[in-house]
Amino acid sequence: MASGGVIRGWGTALPEKVLTNDDLSAMMDTNDEWITERTGIKRRHIGGTTSSLSIESARKALAMSGLPLESIDGLVLSTTTPDRTVPATSASVQDALGLRCGAFDLNAACSGFVYAYVVAHGLLAIGAKRLLVIGTDTLSRITDWSDRGTAILFADGSGACVVEAVDNGGQLLGWDIDADGSLERLLYADVGGYIHMDGKEVFRRAVRIMVDSAQKSLAKAGVSTDDVALCVPHQANARIIDAACRQLGIPLERTAVVLHETGNTSSASIPLALFDAADRGRLRNGDLVLMVGFGAGMTAASAVIEWRQP
Ligand code: ACO
């Protein structure tokens, strides 16, 4: 029985339509200077559906892995914004990709991709061989475009990877998943409704729970922040990233940031940043990567992985 996995191929997808801060200024009482200073976001991509973006990123990941479709034995789609209540969006994605395997959605808000990656390792540990792990959200569909407190933040995107079982321990060295449901009032959307958020309180708690979760994963991996070659935080707000990385003692040069281009894409945020770094050649075999996210629920998740490519 295999005990771990390694990422074999990856892909990302962003809708074509770009909404800049100036575009938003024409729609509501805000401006580029305020958004840039308070969030670090300059533009975001809007459009598509959760299934269409998932299919696009997953096709790229499958092609890069070079693995045959019939070898994939499971699909985990992390999303807060499914296309339908029933069935799971992963069913549409599985069918469109031509896969015949188990498929399910997972919702842990913006921590969802790391949750899905950890859950995939649970499946590998009990005998699965190759899993497609996707993080996709279309938050623009549940954003109130008249609320300047949230509309400036949220956007759409997807990231996917194939995780293959290996016998030599795999690349996941330490992980943590957490949630505190008593805080759900800070960030929620009712079925059919828009996102409501207490931005200041989310901000305050986000830094603490990211740092706590990261420290748990680092301790489980038996490493320190000095050993981390790249930190990949949830792309919610540049100030949250700065504060969390400062507390962890990780300089911004060792941090992956794409949110100026993407906004907060929830489940897609960490894979978009991780695979952007990989595509730019920022990762070498043996590098330790710390992924750390937080989200509604209030969830947190982190993982320390050793980057390994054939
Ligand atoms: N443009 C211009 N002015 C604005 C805007 C805007 N878009 N939004 C608020 N303001 C004004 C406010 O009205 C307020 O004015 P006042 O002082 O005259 O009352 C002033 O700017 C300051 O507002 P704050 O809400 O105090 O601004 P803050 O510095 O807290 O920034 C923000 C707000 C960006 C939302 C911040 O709190 C934040 O990023 N919080 C975290 C949110 C987050 O990460 N959420 C995602 C969680 S992950 C998930 O699961 C989806």
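**View 1. Domain 1 and domain 2 meet face to face in contact.** Here 49 residues of domain 1 are in contact with 42 residues of domain 2. Please keep in mind as you look around that this is a predicted model. The domain assignment places domain 1 at residues 4-166 and domain 2 at residues 172-306. Their centres, taken over C-alpha atoms, are 15 Å apart. Together the two domains bury about 3,500 Å² between them, and carbon and sulfur atoms account for 67% of that area. On the domain 1 side, the residues that lose the most area to domain 2 are Cys-110, Val-114 and Tyr-115, which together make up 17% of what that side buries.

**View 2. The ligand has a shell drawn from both domains.** Domain 1 (4-166) and domain 2 (172-306) each give at least three residues to the shell around the ligand. If you would like a few residues to start with, try Thr-30, Arg-38, Cys-110, Lys-200 and Asn-237, which come nearest among the 26 residues around the ligand. Cys-110 may be familiar from the previous view, being one of the domain 1 residues that lose the most area to domain 2. Sorted by class, the shell has 13 nonpolar residues, 8 polar ones and 5 charged ones.

**View 3. Helices and a strand contribute to the ligand shell.** At least two shell residues come from each of α2 (32-39), α6 (148-151), α7 (199-221), α8 (238-248) and β12 (288-295). Helix α7 is a good place to zoom in, as its 4 residues are the largest share of the shell.

**View 4. Side-chain and backbone atoms approach the ligand.** Follow the side chain of Thr-30 to find a polar atom 2.6 Å from a ligand nitrogen. Gly-199 takes part through its backbone, with an N or O atom 2.9 Å from a nitrogen atom of the ligand. Ala-296 also places a backbone N or O atom 2.9 Å from the ligand, here from an oxygen atom. Of the 1,000 Å² of accessible area that the ligand has on its own, the protein covers 74%.

**View 5. A cis peptide bond sits at Val-86 and Pro-87.** The bond joining these two residues is cis, with omega about -5°. To find Pro-87, look in the loop between β4 (74-78) and α4 (89-97).

**View 6. Ala-109 has a positive phi.** Its phi is near 50°, a positive value in a residue other than glycine. You will find Ala-109 in the loop that runs between β5 (102-106) and α5 (112-125).

Definitions and conventions:
Residues are numbered from 1 along each chain as its sequence is written. This is a predicted model: local features need pLDDT of at least 70, side-chain atom pairs count only at pLDDT 80 or more; totals for chains, interfaces and linings use all residues. Side-chain values use heavy atoms; hydrogens and water are left out. A residue is near a molecule or strand if one of its heavy atoms lies within 4 Å of it. A polar contact is a pair of N or O atoms within 3.5 Å; within protein, one must be able to donate a hydrogen and the other to accept it, and residues adjacent in sequence count only if both atoms are side-chain atoms. Accessible areas come from the Shrake-Rupley method with a 1.4 Å probe; for residues, only the protein chains shown count as cover. Ala, Val, Leu, Ile, Met, Phe, Trp, Tyr, Cys and Pro count as nonpolar, Asp, Glu, Lys and Arg as charged, and the others, Gly among them, as polar. Domain bounds come from an automatic or database domain assignment. Contact means heavy atoms within 4.5 Å. Buried area is the accessible area (1.4 Å probe) that two parts lose on being put together, summed over both.
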